[in-house]
Amino acid sequence: MKLIIVKNYDEVSEEASKIVIDQLTSHPNSILGLATGSTPIGLYQKLIEANQMKKISFKNVTTFNLDEYIGLDMKHPQSYHQFMYHQLFSKIDINMSNTHLPKNDINHMHEHAKAYNDLLSNTKIDLQILGIGSNGHIGFNEPGTPFGNETFIVKLEEQTRKDNMYFFNSLEEVPEYAITMGIKNIMRSKKIILLASGIEKSDAIYKMIYGDVTESIPASVLQLHPNVTVIMDDQASSKLPK
Ligand code: GLP
């Protein structure tokens, strides 16, 4: 694992953007794995600027998102479909038909998980972007998820729903279920960058890097991946040995 420690959130976004920009410059037809949550928003902003300044193009880029809430209409403002559209896709020169998120209507959720997994199995993500939950989850792989899982339906932990509540009006509105790439899908990516900012991530970051590789801290599996870079700010890295 390569560790990059910078001062603050803006520098996390800057360092991450350099890696994505290098990837798209050297391989303009890259397949990117994308994350949602508040953490990658600054990175997406920098990619939008680089695209508008014609430093990079997304014309030949394909994307796969990690996850989506179950049961929220795709047009719901807090669905990850809408998040990605507003935070990135609508502002860059990507072909929308090359962007992929799991479909999420509750009546067909198992078929959707299988269909998304089939898509992922027929491709290989060049660069996967990850955030991390305060309980060490990646995508929506909650603690206890078997490392062998492929795309599946997950019941979200109360803590995860509380952490994500600020995007909604109340806890009741936060969906209880989601569809997520499994750890096995994530580990197939050629290269992974994980971004973390803020003191509430410091415990998970410490356990991910220095703890045992255990299903109770899903991100700890990344210790077994050959090409992971963790980009974090002072606060997120504050529990690491100096
Ligand atoms: C959600 C997403 C994760 C993300 C996590 C952290 O659970 N499914 O992919 O990493 O939130 O979110 P934030 O970046 O807002 O702290």
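**Local environments and ligand site in the predicted model**

Arg-188 is partly exposed, with a relative accessible area of 31%; the class lies between buried (under 20% relative accessible area) and exposed (over 50%), as evaluated with a 1.4 Å probe on the protein chains only. The structure is a predicted model, in which local features need pLDDT of at least 70 and side-chain atom pairs count only at pLDDT 80 or more, whereas totals for chains, interfaces and linings use all residues. Residues are numbered from 1 along each chain as its sequence is written, and side-chain values use heavy atoms, with hydrogens and water left out.

Arg-188 is placed in the loop between helix 6 (183-187) and strand 9 (191-196). Helices (H or I, at least four residues) and strands (E, at least two) are DSSP runs numbered from the N terminus. When neighbours within four places in sequence are left aside, Arg-188 is in contact (heavy atoms within 4.5 Å) with Leu-120, Ser-121, Thr-123 and Lys-124. The C-alpha atoms of Arg-188 and Gln-128 are 9.6 Å apart, although 60 residues separate the two in sequence.

Helix 4 (residues 109-121) contains Tyr-116, a residue that counts as buried because its relative accessibility is 4%. Beyond its neighbours within four places in sequence, Tyr-116 is in contact with Phe-64, Asn-65, His-100, Leu-101, Pro-102, Thr-151 and Met-181. One of these partners, His-100, lies 16 residues away along the chain, with a C-alpha separation of 8.6 Å from Tyr-116.

His-100 also appears among the contacts of Thr-63, a residue of strand 3. With a relative accessibility of 1%, Thr-63 is classed as buried. Its contacts, neighbours within four places in sequence again being set aside, are Leu-32, Leu-34, Phe-89, Ile-94, Asn-98, Thr-99 and His-100. Between the C-alpha atoms of Thr-63 and Ser-97, which are 34 residues apart along the chain, the distance is 9.6 Å.

Strand 3 (62-65) is also part of the cover over helix 3, since the elements that cover the buried residues of this helix include strand 2 (31-34), helix 2, strand 3 and strand 4 (67-69). Helix 3 itself spans residues 80-87, and its buried residues are Tyr-80, His-81, Gln-82, Phe-83 and Met-84.

Helix 2 (residues 41-52) includes Asn-51, which counts as buried because its relative accessibility is 8%. The side chain of Asn-51 reaches the backbone oxygen of Ile-56 at 2.8 Å. This pair is a polar contact, defined as a pair of N or O atoms within 3.5 Å; within protein, one atom must be able to donate a hydrogen and the other to accept it, and residues adjacent in sequence count only if both atoms are side-chain atoms. Apart from neighbours within four places in sequence, Asn-51 is in contact with Ile-56, Ser-57, Phe-58, Lys-91, Ile-92 and Asp-93. In the loop between helix 2 and strand 3 lies Lys-54, a residue other than glycine with a positive phi near 65 degrees. Lys-54 is exposed, its relative accessible area being 74%.

Strand 1 (residues 2-6) holds Ile-4, for which a relative accessible area of 16% corresponds to a buried position. Residues up to four places away in sequence not being counted, Ile-4 touches Glu-15, Thr-229, Val-230, Ile-231 and Met-232. In sequence, Ile-4 and Thr-229 are 225 residues apart, yet the distance from C-alpha to C-alpha is 7.3 Å.

The ligand sits in the largest pocket. On a 1 Å grid over the protein atoms alone, a pocket is an open set of points with protein on both sides within 12 Å along at least five of seven lines, in contrast to a cavity, where a 1.4 Å probe fits but cannot get out; lining residues have an atom within 4 Å of a point. A molecule is assigned to such a site if more than half of its atoms lie within 2 Å of the grid points. Of the 13 residues around the ligand (a heavy atom within 4 Å), Ser-38, Thr-39, Asp-67, His-137 and Lys-201 come nearest.

Oxygen atoms of the ligand lie 2.7 Å from a side-chain N or O atom of His-137, 3.4 Å from one of Asn-164 and 2.8 Å from one of Tyr-166. Taken alone, the ligand exposes 390 Å², of which the protein buries 95%; these areas come from the Shrake-Rupley method with a 1.4 Å probe, and for residues only the protein chains shown count as cover.
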